[in-house]
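Reader: I should be grateful for a close examination of a single part of this structure, namely one chain, its internal packing and its neighbours. Please treat these in one connected account.

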Amino acid sequence: MNLPGSGILKGMAVTAVNFIGSFLDRAHAKRLITEQYPEERPTLVETSRSFPFLVFDGDPEKGIRCTACKICEKECPPQCIFIVKDKDANGKPILRPQIFDIDISVCMGCQICVEVCPFESIRMDNIYEVSAYDRFETLVLHKEQLLKSNVYYRQIHPTEAAQTDARIEAARVKKAAAAKAAAEKAAAAKAAAAAKAAETQPEPTA
Amino acid sequence: MMLQLLLAISAVLFCFGLLAALTRSNAIMVLIGIEMMLGAGNLNFIAFWKFSAHPELLTGVMFAIFSIALAAAEAAVGLAIIIQVHRRLRSVNINQADQLKG
Amino acid sequence: MHFLENLPLATKKFILDLVKGACGWLCTKLGIALPPWAMPLLLTLVSILVVIVAIIAVYMVMFALMSVAERKILARMQNRYGPNRAGWFGILQPVADGIKMLTKEDLVPRGADKIVHFLAPIAMVAPALMLPAIIPYGTGMVPVELSAGILYFFALGAGTELAVFMAGWSSNNKYSVMGAMRAIAQMISYELPLVMSAVIAALVAGTLSPTGIVEAQGGYSLGFIPNWFVFTPWGFVACLLFYIGALAESNRCPFDLPEGESELVAGHLTEYSGFKYAIFFMAEYVGMFAINGLLVTLFLGGYKAPCPFLEWIPSWCWFFAKLALLAFSMVWVRATLPRFRIDQMMQFAWKFMLPMSFAALIAAAVWYYAGRGPLAWGLSALIVGIPYLALGHFCFTRHHTADNRRYLYSE
Amino acid sequence: MHDLFQRLISLPWDQAPQWFFLFPALLMLLAAAAAVMLRNLIHCALCLTLSFIALGVLFIALGAEFVGFVQLLVYVGAVTMLILFAILLTPASEVAASNNPFRSFQLSKALNAVAGGAVAMLVLAGLLAAIFFSPHAQAAVNPAKAATAPAAAIGENLLNHTLLPLQGTAILLTAALIGAALLAKEDKRS
């Protein structure tokens, strides 16, 4: 038979152990696991994501991967992306965005834009300190704020970036090979044509 | 002079209680009036004790203490009766509680 | 150390001398002849005022410290840090809380009874601030020496119930009324064992005066065990009962169901905000300190030192150390025990605390007349022990535990 | 200014404390009047409480500390709480108005008030006359010496001289407790 009231004492012991343990636990490994946020930053896991950004290679003007194809704009479920195609001096559209805005107060971080982008241009960022007083001034990100280099992308998401780079490299190699093959083919054709011409045209000296 | 003043105050309190008990038709107000009258009585006990020839005998004080104890019992039973009456008649108007049979 | 012991009284005397000197100087300067009764009257008024200011200042500081210490201790017991942002280790948190409370809008519901709604916080805080007046804080340091001090304490404690009712009823909110009704039911139920256990201490000490009760606990048995009432079987039980009653009277966990957030929003405080809410909050804490101070006075030897060789520490330090210990234990209990259900709370008061307090009363009387020796000890331990085990076994042990419970449809 | 102050402080202020009881007395009467006059029952009960608190303070001012504290404890802590609970448990219903046997309800009410007021005034007049003009009124009374009622003396008195009434009161209170609980219990048969 348990002594009446012994359960209360057991419970008190548990809280007392917690109380004393929280002072002894210098390493904060088991108790006091709360992060002291502004002083202690969380170490983000690699897959953490917040809002999209635009990747460029090398130069932010020329190296921009986006071609303003507007697939992401159409696919975006909360419709937070707004794109206007750029035009050259003659008014002819060129494959580059003139305006690329993302309203991150609307964005829900679904990553669909990343899934659908055929140019590996839009990727997810992991910034999280974006609170601001004015949502239209500061929370609508423009092209200048969205553009971040591929180096940055490799830093925040190394595995993904490596895969992307490999894909781009493979595509480039494939393209180069195709071009080479085409060139070879063209050269071969040219040579063949030349040979044929040579065949049909008798050797003037012969 | 002070004794008479205290007695007059007590008389006024008593008459307020009487007024409440006589004019209000709500049983609880009648009870409130009775409590006031008892309080006036206690005040008289204390006043007479203070100005008595032998205050160290504590006669008035003892009376007041017993009277307070009795008033508490009276209030408890009275309110229990009022609640029972309300349960029967759905009303605490003393004009309606005119039957001896439940 | 004699200097420290006398420090509060010496400060008071210094202030009185200062007032006396200043007044005399002013009168000679202005050429006013004071009648003979004027100076003593003035000094009496000033000494009353000094004591009032000192009490309120001490209790406000304790309230401020408690409000941050409680949160920090509670946090540590739940493996958190608690407030540590405002100031050094969060020590300025009460200031931040105060500023927040005072700058909040003071809302009065449209359907509320405005006058009663306004008067309720006043009716709450006035008795709470009057409670500490009879507690002896040190040797010769009792603000008001009353021959019926204990009775005074409980008479004023009754005012709290009234204030809670006023707050609940005037808010015109069903949660407020329900919370107020629960609070009053709880306070009335737990006032009985509370008063009964206080009566036990008064009975053995033979006086209702708090100073007399403390003096009755002076001295040491066997040379080192203090003669506090808590170290006797009946005193231990009465102390525990008083402690539980104090928890219930000050609406603290596990008896905080009048303001149980999950059921009643905030009970009778639902419609209060800003300064009025702060006043309720303050009154609750001051009431808690006061009732803990009474517990120290009644059972824990008041301002007496626990061992003979520690008597060089000033008596008022001992009082406040014991008070701090009790306040800590209340936080500890809060961190440990979940909230009662309303029927459990009533059952506990009427089926356990009241019989136990009667048992402790009988045990105290037996101990008193059996000569306070080992025999008295045994007898009184038996008288409180048997009802405890019996009540605990028959009323408060769940005989349907997980082992023998049968689930009809899940097997 | 100087003169005025001098004259002000030469008044017999040392006589003042024995008249302090007038403040709680006045407050008590005002609160009692409000309790009788107000329409809202809860307000009446709260005013009654204030009146009882003032009465307790009056007892303390008259030197009967113990009775004052008992008054506060019993009346404020218990009786008014009972009254407030009773008011909340007995909501006014429409039956009260419609079932009245008198057709001219307002007239009967007015008559009731006038008659009650007249009786109360008569009683008051009689009491005041007895207090101020009866031959015994001028009888010598003890000139208010510092009468005190220490708790120890009261306890001694209770257990020595008034033991039988004390036991009787105890029995009565127990009977009242059980009786009130039985009366207020829900009747299972109906």
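Author: Two residues are taken to be in contact if their C-beta atoms, placed from the backbone, lie within 7 Å. The model is predicted, and the part chosen here is chain C. By that criterion, no contact joins chain C to chain B, and the closest C-alpha atoms of these two chains lie 14 Å apart.

With chain D the situation is otherwise: 25 residues of chain C are in contact with 22 residues of chain D. On the side of chain C that touches chain D, two or more residues come from each of α2, α5 (149-170) and α6 (174-205) of chain C. Of these, α5(C) gives the most, with 11 residues. By class, this side of chain C comprises 21 nonpolar residues, three polar and one charged.

Helix α2 of chain C, which contributes to that side, also packs within its own chain. This helix (residues 38-77) meets helix α3 (residues 93-103) of chain C at an angle of about 105°, and their axes are 8 Å apart. The two helices, α2(C) and α3(C), are therefore roughly perpendicular to each other. From α2(C), the contact is made by C:Ala64, C:Ser67 and C:Val68, and from α3(C) by C:Gln93, C:Pro94 and C:Asp97. Three nonpolar, two polar and one charged residues make up this contact between α2(C) and α3(C).

The remaining chains complete the setting. Among the three pairs of chains that touch, chains B and D share the most contacts. Chain A does not touch chain D, and their nearest C-alpha atoms are 30 Å apart.

Notes: Residues are numbered from 1 along each chain as its sequence is written. Chains are lettered from A and ligands numbered from 1 in the order in which they are written. This is a predicted model: local features need pLDDT of at least 70, side-chain atom pairs count only at pLDDT 80 or more; totals for chains, interfaces and linings use all residues. Axes are lines fitted to C-alpha atoms, for helices over the stretch in contact, and angles run from 0 to 180 degrees between N-to-C directions. Helices (H or I, at least four residues) and strands (E, at least two) are DSSP runs, numbered from the N terminus. Angles under 35 degrees count as roughly parallel, over 145 as roughly antiparallel, 65 to 115 as roughly perpendicular and the rest as oblique. Ala, Val, Leu, Ile, Met, Phe, Trp, Tyr, Cys and Pro count as nonpolar, Asp, Glu, Lys and Arg as charged, and the others, Gly among them, as polar.
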